[in-house]
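Student: I'd like to practise reading a fold with you. Could we pick a few features and go through them one by one?

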Amino acid sequence: MGKGEKKLALIDYDGTITSKDTLLEFVRFTTPWYRWPVSFLQLLPPYIGYLTRLLTAEQFKIQFLNLFLGRKSKVRLEKEIAEFYKEKLEVLLHQQALESIQALHTMGYRIVLVSANIAPLVKPFSDKHQLGCIATELAWENGLFSGKLATSNCKGEEKVRRIQESLDLADYEFIAAWGDHPSDLPMLHLAHFQGYRNFHKHPLPFEQ
């Protein structure tokens, strides 16, 4: 590839750059141990509904967020996320993924994280590493979480829709994409290079 070509990298976050789902880890970090038994019982019916396909992934996520975020203020949520990043995130990150991000920067790629996770939990990482961010946006009312999503759950075909809404893919002569879950496959199909479950395992397999 020529050095003057415009290149784009689309990268999933949880499971691709991190070893675990950071939303679940964040909830564990912020929820006192004595609340877990009651929270588990409250979450069980919607989880069964999700497993039996009575609820969609988006409907289950909304119930999950309402249970653990409630009417939490944006200021408080951002403070808790900053504490979570400081104390817990480092052990969840794949070192090879960080090295691959740096390599993509060096090769002149525009890098965008595309995640089903909530945007407030993804943006601190994307901002720190100078990445774009497309994620599930929360809806706020008077500075408090409203209990609703401002966008559809950024998963599966919705990732494709949000990417096409935010970026003109025709501007890029080469697109690479990485993900770790079957729901990432529609996004990977947009790319010339498709990396599945390997961003954190191997150095970049092209432009060597």
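**Reading the contacts, the sheet and the helices**

Tutor: Let's start with one residue: leaving out residues up to four places away in sequence, H94 touches T16, I17, T18, S19 and H200. Keep in mind that this is a predicted model.

Student: Where along the chain is H94 found?

Tutor: H94 is in the loop between α4 (74-92) and α5 (95-106).

Student: And is H94 buried or exposed?

Tutor: The cut-off for buried is under 20% relative accessible area. H94 has 18%, so it counts as buried.

Student: Okay, on to the sheet. How do I read strand pairing?

Tutor: Strands of a sheet pair through backbone hydrogen bonds, and the pairing can be parallel or antiparallel. Here five strands make an open sheet in the order β3-β2-β1-β6-β7, with parallel pairing.

Student: Which strands stand at the edges?

Tutor: Those are β3 (132-136) and β7 (193-196); each has a single partner strand, so one side of each has no neighbour in the sheet. From one strand to the next, the twist averages 15°.

Student: Can we zoom in on one pair? How many bridges join β1 to β6?

Tutor: Five bridges link β1 (residues 7-11) with β6 (residues 174-179), and the two strands run parallel. To find your place in that pair, take I11, whose bridge partner in β6 is W178.

Student: What lies across the sheet strands β1, β2 and β6?

Tutor: That's α5, which runs at about 140° to β2 (109-118). Helix α6 (residues 119-128) also packs on the sheet, where α6 touches β2 and β3 and makes about 155° with the direction of β2.

Student: Give me a residue in α6 to look at.

Tutor: Try P120, which is found in that helix. Setting aside neighbours within four places in sequence, P120 contacts L77, I81, L138 and W140. The C-alpha atoms of P120 and T136 are 8.9 Å apart, with their positions 16 residues apart along the chain.

Student: L138 and W140 came up there; what do they pair with in β5?

Tutor: L138 has L149 as its bridge partner in β5, and W140 stands opposite F145. The strands concerned are β4 (residues 138-141) and β5 (residues 144-149), which run antiparallel and are joined by three bridges.

Student: What's worth checking at the turn of that hairpin?

Tutor: Look at the backbone. Two residues lie between the strands, and N142 takes a positive phi near 50°.

Student: Last one: how do I describe two packed helices?

Tutor: You give the angle between their axes and the distance between the axes. For α2 (residues 36-51) and α3 (residues 57-69), the axes come within 9 Å and cross at roughly 170°. The cut-off for roughly antiparallel is over 145 degrees, and α2 and α3 are therefore roughly antiparallel to each other. The crossing of α2 past α3 is right-handed.

Student: Which residues make that contact?

Tutor: From α2 you have W36, S39, Q42, L43, P46, Y47 and Y50, and from α3 A57, F60, Q63, F64, L67 and F68. Sorted by class, the contact has ten nonpolar residues, three polar ones and no charged ones.

Note on methods:
Residues are numbered from 1 along each chain as its sequence is written. This is a predicted model: local features need pLDDT of at least 70, side-chain atom pairs count only at pLDDT 80 or more; totals for chains, interfaces and linings use all residues. Side-chain values use heavy atoms; hydrogens and water are left out. Axes are lines fitted to C-alpha atoms, for helices over the stretch in contact, and angles run from 0 to 180 degrees between N-to-C directions. Helices (H or I, at least four residues) and strands (E, at least two) are DSSP runs, numbered from the N terminus. Angles under 35 degrees count as roughly parallel, over 145 as roughly antiparallel, 65 to 115 as roughly perpendicular and the rest as oblique. A crossing is left-handed if the near helix is turned anticlockwise from the far one by less than a right angle, and right-handed if clockwise. Contact means heavy atoms within 4.5 Å. Ala, Val, Leu, Ile, Met, Phe, Trp, Tyr, Cys and Pro count as nonpolar, Asp, Glu, Lys and Arg as charged, and the others, Gly among them, as polar. Buried means under 20% relative accessible area, exposed over 50%, partly exposed in between (1.4 Å probe, protein chains only). Two strands pair if DSSP finds at least two bridges between them.
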